[in-house]
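Okay, thanks for coming, everyone. I'll take a few minutes to walk you through a structure that's new to most of you, so have a look at the screen.

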Amino acid sequence: MPNPVTADIKFSAQNQLGELFAALDSGTGREVQRMLHSLSPQSIAQLLESSPPRIRQVLWKLIDREVEGEVLQELTDEVQSQILATMDTEEMVAVMEGLDADDVADILQQLPDRVMAEVLSAMSESDRQRVESVLAYDEETAGGLMDTDTVSVRPNLTLDAVLRYLRRHAQLPESTDNLFVVNRQDRFIGLLPLTKLLTTDPSVTVREVMLTDADPIPADMPDHEVAQLFAKYDWITAPVVDEHNRLLGRITIDDVVDVIREDADHSLMSLAGLDEEEDTFAPVLRTAPRRAVWLGINLLTALLASWVINLFQDTIDKVVALAVLMPIVASMGGVAGSQTLTVVIRGMALGQIGRSNLSWLLSRELGSGALNALLWSTVMGAIAALWFGDHRIALIIIAAMLINLITAALAGAILPVALRAMRIDPALAGGVALTTVTDVVGFMSFLGLATWFFA
């Protein structure tokens, strides 16, 4: 059953887009500006991503300067790059003013190195240092995700002193649920939950109520592992430390949600060989070359399967029924293998699969594949016998489906692990590799057995 809230949001977004397009067509730029002013930065970003490039540029020029930075950080990398390409250095610095260091770093990484250096040099000293501390780490690590805006306290302070210290701040960083406790060398030693701070006797020291069993996140931890920790422990924020346990910054749940969304987009788009940052409204000349590469790879694998079929051309000429049944063997193997492949890639993404349990998983998938192979090969054998009235064809397709479905289960389990070991993305290459295996093995076993039977 569809979620009515989600449906209302989608309907509202499409209505807003339609109204904006109508206002632009009528030439009433002031009306468009008024409509944009009434929307949140997130809604404006969605409207920009939902617009063709020409209209996107017009809309950007009508956005209030005060929210440009917030809108920019909500856009996908590709759309961000298009918008940034229209700005000079001063405009970029102005747009990024007031954004968190991690968000600025994400935006800067869309720029050429020369332009990035110009923007950094135009920033204030304090802002530049904060951003450079994030840029020092790979964007797909905890260090690349972190925000340097933190509130830390010493363990020997009383809670009353901490409260007075907090009142001197104009505001706390967003999503603050804990204060970070550090020693004089800024080494992380624990967390002080705000709930403890507000409900405990003010004369008690931080050391007496702080949590010391909270492990910080190493700055070099991959972002997908960070996301797994947040999901496992329901964190809102987490401290990030360097190799000497010095506090560098914090990661917040909104950053982790972005990682989870990007990983999901990556898995979905990779199945078709596309980039997760693919712009829905990118121009033809940019979209076509990206898709051409993957189509070329698929053509090569299809040619390999066709070459196998061609080896048995004489057998197919003798028994026309083979041409009718041949696609069934390959198709069943492809579906069975895809089921296993999907389960294994998901398990790897969730960190559930390792050397200790891989053999058990292989045994499970082989057993499941064998049972399904017995069931559906028998069913198909009976259909073939009734259809063509030839028990030899029935035996051939039973044997071929048994071989291919078991091979598919084995390949679906092994390929992701092998590809990961070779530093190849299983979500990107797994489907093509599996299809090649099931097509070649399916055609080879079916037509090879037929050649032997009908020789």
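**A walk through the model**

Let me start with a small detail from the inside: the lining of the largest cavity is made up of four nonpolar, four polar and one charged residues. The charged one is Arg-250, and the rest of the ring is Thr-150, Val-151, Pro-173, Thr-176, Asn-178, Leu-179, Phe-180 and Thr-237. Which strand gives the largest share of that lining? That's strand 2, with three residues. In volume, this cavity comes to about 40 Å³, and searching the whole structure turns up two cavities of 30 Å³ or more.

Before I go on, please keep in mind that this is a predicted model.

Now let's step back to the whole chain. We've got 455 residues, and 40% of them are buried. The chain has 22 helices and six strands. How about contacts along the sequence? If you take those between residues at least 6 apart, 65% of them join residues at least 24 apart. As for the outside, the accessible surface is about 24,700 Å², with 58% of it belonging to carbon and sulfur atoms.

Okay, on to the strands. Strands 1, 2 and 3 make an open sheet, in the order 1-2-3 and with mixed pairing. Strand 1, at 152–153, and strand 3, at 188–193, are the edges, and each has a single partner strand, so one side of each has no neighbour in the sheet. Strand 2 covers residues 178–182, and it runs parallel to strand 1, with two bridges joining them. If you want a spot to look at there, find Val-153, which sits opposite Val-181 in strand 2.

Next up is strand 5, residues 237–241. Is it buried or exposed? Mostly covered, it turns out: five of its five residues are buried. A quick reminder here: in a regular strand, side chains alternate between the two faces of the sheet. In strand 5, Thr-237, Pro-239 and Val-241 are on one side, Ala-238 and Val-240 are on the other, and all of these are buried, so both faces count as covered, buried being under 20% relative accessible area. You may remember Thr-237 from the lining of the largest cavity.

And what does strand 5 pair with? Strand 4, residues 217–218, runs parallel to it and is joined to it by two bridges; there, Ile-217 has Val-240 as its bridge partner. Then there's strand 6, residues 247–252, which runs antiparallel to strand 5, with five bridges between the two. In that pair, Ala-238 stands opposite Ile-251. Strands 5 and 6 form a hairpin with five residues between them, and in the turn Asn-245 has a positive phi of about 70°.

Last stop: the second largest pocket, which holds about 250 Å³ of space. It's lined by 13 residues, and the ones closest to its centre are Ala-336, Gln-339, Ser-368, Gly-369 and Asn-372. Which helices supply at least two lining residues each? Helix 19 (321–349), helix 20 (355–388) and helix 21 (391–421). Helix 19 gives the most, with six. By class, the lining of this pocket has seven nonpolar, five polar and one charged residues.

That's the tour, so feel free to rotate the model and find these spots yourselves.

Notes
Residues numbered from 1 in each chain as written. Predicted model: local features only at pLDDT ≥ 70, side-chain atom pairs only at ≥ 80, totals over all residues. Heavy atoms only, no water. Helix = DSSP H or I, 4+ residues; strand = E, 2+ residues; numbered from the N terminus. Buried < 20%, exposed > 50% of the residue type's maximum accessible area, 1.4 Å probe, protein only. Contact = heavy atoms within 4.5 Å. Areas by Shrake-Rupley, 256 points an atom, 1.4 Å probe, with all protein chains shown as cover. Pairing = 2+ DSSP bridges. 1 Å grid on protein atoms, 1.4 Å probe; cavity = no way out; pocket = protein on both sides within 12 Å on 5 of 7 lines; lining within 4 Å. Points joined across faces, edges and corners; volume = space filled by probe spheres on them.
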